[in-house]
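Please open the model in your viewer and keep the sequence beside it. The tour below goes from ring to ring, with a selection to make at each stop.

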Amino acid sequence: LDDPVMADFMNNLVPINQLAEQSPGFVWRLQTPAGDATSLRVFEDEFLIINISVWESIEALHQYVYYSDHTAFFRRRGEWFSKLNSPAVALWWIPVGHIPSADEAKARLEHLETHGPTPWVFTFKQRYTFEEMLAAERTRT
């Protein structure tokens with residue numbers, strides 16, 4: 001993260017995180033006392049960083065990611081990050097008040113990679129509703 005190639009990414013973290021926090025539907029984001037999560041390591045690959053946020057709805061998150069000032073920044077991700085051969089984004093439903101952990105996010109990403117989108121973990125392209133997740137849980141028990 002201290003490589004000069006990453007400077008523009010690192011210099012924009014604070015405004016992009018502030019934009020998220022001020023966006024409709026934002027609830028929470030993973031951060032250290034320093035205000036970001038770039039120092040957290042969950043994966044064996046030390047170059048992988050994690051970003052977790054909680055939103056009131058998929059639509060609110062989608063609006064922020066693809067239709068706010070975040071979009072131009074997001075489109076530049078190829079300048080800073082290599083394309084992964086595994087999923088980089090996982091979405092899942094949580095109960096109100098639940099704060100997801102980094103280990104929980106890692107488990108969801110691994111499940112997505114192994115099984116593809118399911119009601120337990122999915123993507124923007126293949127979404128499942130909260131009701132579909134509940135139905136899937138009922139049939140599992």
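Is W93 buried, partly exposed or exposed? W93 counts as partly exposed because its relative accessibility is 25%, where buried means under 20% relative accessible area, exposed over 50%, and partly exposed in between, with a 1.4 Å probe and protein chains only.

This is a predicted model, in which local features need pLDDT of at least 70 and side-chain atom pairs count only at pLDDT 80 or more, while totals for chains, interfaces and linings use all residues. Residues are numbered from 1 along each chain as its sequence is written, and side-chain values use heavy atoms, with hydrogens and water left out.

Rings of Phe, Tyr and Trp (its six-membered ring) pair if their centres lie within 6.5 Å, and planes under 30 degrees apart count as stacked, over 60 as edge-to-face and the rest as tilted. By this rule there are 11 aromatic pairs.

Select F9 and W80, which form one tilted aromatic pair, at 5.5 Å centre to centre and with 55° between the planes. F9 counts as buried at 8% relative accessibility, and W80 also counts as buried, at 10%. Add F73 and F81 to the selection, and you have one aromatic cluster formed by F9, F73, W80 and F81.

Return to W93 and select F122 with it: the ring centres are 6.2 Å apart and the planes lie at 40°, so this pair is tilted. F122 is buried, with a relative accessible area of 1%.

Finally, select R108 and W120: R108 lies over the face of W120, at 3.8 Å from the ring centre, where a charge sits over a ring if NZ of Lys or CZ of Arg is within 6 Å of the ring centre and within 35 degrees of the ring normal.
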